[in-house]
2 protein chains.
Amino acid sequence: MSNHSESEKSLRRLILDSARKVVVEEGYAALTMRRLAKMIGYSATSIYLHFESKDALLHALIEEGMDLLHARLTEAVARAESDADAVRMVCREYVDFGLDNPEYYEVMFMLHPQRMERFPAGKYRRARRNLDVIGQAIRSASGSDGDADGPSLVKASAVWAQLHGAISLVIAQRVDASLDRDEFFNRIIDGTLSGLKLNAEAEAQR
Amino acid sequence: MSNHSESEKSLRRLILDSARKVVVEEGYAALTMRRLAKMIGYSATSIYLHFESKDALLHALIEEGMDLLHARLTEAVARAESDADAVRMVCREYVDFGLDNPEYYEVMFMLHPQRMERFPAGKYRRARRNLDVIGQAIRSASGSDGDADGPSLVKASAVWAQLHGAISLVIAQRVDASLDRDEFFNRIIDGTLSGLKLNAEAEAQR
DNA sequence: GCACTTAGTTAACGCTGTTAAGTATAAGAA
DNA sequence: TTCTTATACTTAACAGCGTTAACTAAGTGC
């Protein structure tokens with residue numbers, strides 16, 4: 001049997017937890033199978049008993065991150081005091097998630113794993129759930145007309161994309177060092193919200 | 001002397017052109033020193049006579065891309081018929097550049113090269129030039145008040161970030177396949193522009 | 001003719017992800 | 001109890017990676 005003396009929980013979990021630790025603390029580049037093996041006290045090939053490839057391991061990590069993000073987004077919606085407020089809250093929370101967990105965020109949204117074309121469908125569903133939280137918040141805030149003003153998938157994707165752009169550039173240290181980040185993100189969120197034209201009085205145009 | 005029979009132009013140029021070809025046609029992952037060497041008919045180590053490292057080669061590629069982008073952005077501004085139009089044109093052009101050259105765009109803005117912290121200052125300057133084109137367009141369109149409504153660096157960065165988010169997600173194939181991309185990008189650009197609140201009466205758009 | 005520079009080479013180091021084959025150990029069947 | 005099979009894991013190796021050290025051949029200046 002296993003009885004590698006230390007394994008109360010499954011090796012799969014041990015691998016995942018160690019991998020997450022490496023990624024979170026030292027970034028994706030530091031994650032190698034041999035190093036991971038040394039950490040968990042098994043040979044590198046043992047990892048392949050639980051994950052088809054390094055990418056598969058990464059995908060599992062992404063799924064965990066998606067769940068974590070989902071929890072934070074839904075909590076943010078729950079905390080909101082109005083439908084309109086919920087959209088702002090969910091945007092703010094998304095940004096904060098990215099800034100709080102840059103390495104996680106990088107793996108989840110910025111990495112370009114080799115085999116991503118043949119990505120397990122389940123992961124897409126998990127990522128989709130997060131987009132749906134945004135979409136639902138927008139729909140609630142838009143009032144009863146529902147999808148009158150264009151399909152909400154486009155709206156939600158646009159909101160997501162705009163927030164993602166700001167987060168990913170900051171994480172990759174591509175923005176000017178002298179940039180005031182609070183002002184930057186406030187502007188991004190305000191701009192994103194104003195692009196939605198939610199409240200009626202702001203609908204002077206269109 | 002060199003006289004590797006084929007070299008009219010310098011080996012440095014040959015390396016750069018071949019590297020760009022690989023990246024553009026098959027993506028960054030396909031670019032390896034040994035493969036590049038085989039392409040140009042020299043040994044892999046010869047590349048190190050002209051570039052300090054693979055990252056340095058990549059940086060040179062990024063600079064070329066930045067110049068190309070700069071040319072397109074300034075041309076777009078020149079084509080515009082009004083200051084307000086110029087902002088929209090430059091946004092459109094930026095998006096088109098990304099969609100026209102996804103592999104190039106990936107190397108330029110989505111990759112996270114190892115040694116990027118110690119990036120040659122010249123590259124930053126080249127990247128900054130492109131941000132300045134956006135910033136200048138915004139400033140011109142904002143009228144004479146100049147920087148009254150917040151520093152233009154934040155404004156330009158925000159515009160850039162929002163466009164970048166949309167482009168990078170599409171390139172990484174992270175957006176829903178059923179998404180109408182034209183509608184998506186139109187919404188991104190409109191949202192970005194409305195976030196600038198340039199002049200209220202001219203915003204009778206869309 | 002000798003030193004020096006230039007442009008290129010080969011061989012190797014220490015990594016990487018991954019696979020094939022082998023080894024104990026436990027469980028189930030005869 | 002013995003035979004068989006499955007489980008959990010290992011070692012050794014493959015092919016490839018970026019990079020370096022050491023070398024060679026050819027041209028240049030004195």
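This tour moves through a predicted model in a series of selections, from one whole chain to the contact between chains and then to single side chains.

**Chain A as a whole**

Begin by selecting chain A and showing it as a cartoon, where you will find nine helices and zero strands, so that the order of elements from the N terminus reads α-α-α-α-α-α-α-α-α. If you then colour by accessibility, bear in mind that 49% of the 206 residues of chain A count as buried. Of the contacts in chain A between residues at least 6 apart in sequence, 69% join residues at least 24 apart.

**The nonpolar core**

Next, select Ile47(A), Leu57(A), Tyr94(A), Phe184(A), Tyr94(B) and Phe184(B), which touch the most other members of the largest nonpolar core, a set of 129 residues. Helix 8 of chain B, residues 152-171, gives the largest share of this core, with 13 residues.

Stay with Phe184(A) and display what surrounds this side chain. Setting aside residues up to four places away in sequence, Phe184(A) touches Ala166(A), Val170(A) and Leu179(A) from chain A, and Val154(B), Ser157(B), Ala158(B) and Ala161(B) from chain B.

**Where chain A meets chain B**

Now select the residues on both sides of the contact, to which chain A gives 47 residues and chain B gives 47 residues. The area buried between the two chains is about 3700 Å², and carbon and sulfur atoms give 57% of that area. Within chain A, pick out Val154(A), Arg174(A) and Arg187(A), because these residues supply 20% of the area that chain A buries against chain B, more than any other three residues. The polar side of the contact can be displayed next: between chain A and chain B there are eight residue pairs in polar contact, both at pLDDT 80 or more, and the count of salt bridges is two. One to zoom in on joins the side chains of Arg128(B) and Asp176(A), at 2.4 Å from N to O.

To see which elements of chain A are involved, colour helix 6 (102-110), helix 7 (121-141), helix 8 (152-171) and helix 9 (181-196), the elements that each give two or more residues to the side of chain A that touches chain B. Helix 8 of chain A gives the largest share of that side, 14 residues. Coloured by residue type, the side of chain A that touches chain B divides into 22 nonpolar, 15 polar and ten charged residues.

**Salt bridges within chain A**

Over all chains the count comes to 30 salt bridges, and a few of them are worth a stop. Select Glu64(A) and Arg13(A), whose side chains meet in a salt bridge at 2.8 Å from N to O. Glu64(A) lies in helix 4 (residues 54-79) and Arg13(A) in helix 1 (residues 11-26) of chain A, so this pair ties together parts that are 51 residues apart in sequence. Arg13(A) is partly exposed, with a relative accessible area of 33%. If you add Asp17(A) and Arg20(A) to the selection, you will have the members of a network of salt bridges that links them with Arg13(A) and Glu64(A).

Remain on helix 4 of chain A and select Asp67(A) together with Arg126(A), which form a salt bridge whose closest N and O atoms are 2.8 Å apart. This pair also links distant parts of the chain, with Asp67(A) in helix 4 and Arg126(A) in helix 7 of chain A, 59 residues apart. Are these two side chains buried or partly exposed? Asp67(A) is partly exposed, at a relative accessible area of 27%, and Arg126(A) is likewise partly exposed, at 27%.

**Two stops in chain B**

Move to chain B and select Asp96(B) and Arg92(B), which form a salt bridge with the closest N and O atoms 3.9 Å apart. Both residues belong to helix 5 (residues 83-100) of chain B, and because they are four residues apart in that helix, about one helical turn separates them. Asp96(B) is partly exposed, with a relative accessible area of 25%, and Arg92(B) also counts as partly exposed, at 30% relative accessibility.

For the last selection, go to His70(B), which is found in helix 4 (residues 54-79) of chain B. His70(B) counts as buried, because its relative accessibility is 16% and the cut-off for a buried residue is under 20%. Which residues does His70(B) contact, leaving aside its neighbours within four places in sequence? Display Arg129(B), Asn130(B) and Val133(B), which are the residues in contact with His70(B) once those neighbours are set aside.

Definitions and conventions
Residues are numbered from 1 along each chain as its sequence is written. Chains are lettered from A and ligands numbered from 1 in the order in which they are written. This is a predicted model: local features need pLDDT of at least 70, side-chain atom pairs count only at pLDDT 80 or more; totals for chains, interfaces and linings use all residues. Side-chain values use heavy atoms; hydrogens and water are left out. A nonpolar core is a set of buried Ala, Val, Leu, Ile, Met, Phe, Trp, Tyr and Cys residues joined through side-chain atoms within 4.5 Å. Buried means under 20% relative accessible area, exposed over 50%, partly exposed in between (1.4 Å probe, protein chains only). Contact means heavy atoms within 4.5 Å. Buried area is the accessible area (1.4 Å probe) that two parts lose on being put together, summed over both. A salt bridge is a side-chain nitrogen of Lys or Arg within 4 Å of a carboxyl oxygen of Asp or Glu. A polar contact is a pair of N or O atoms within 3.5 Å; within protein, one must be able to donate a hydrogen and the other to accept it, and residues adjacent in sequence count only if both atoms are side-chain atoms. Ala, Val, Leu, Ile, Met, Phe, Trp, Tyr, Cys and Pro count as nonpolar, Asp, Glu, Lys and Arg as charged, and the others, Gly among them, as polar.
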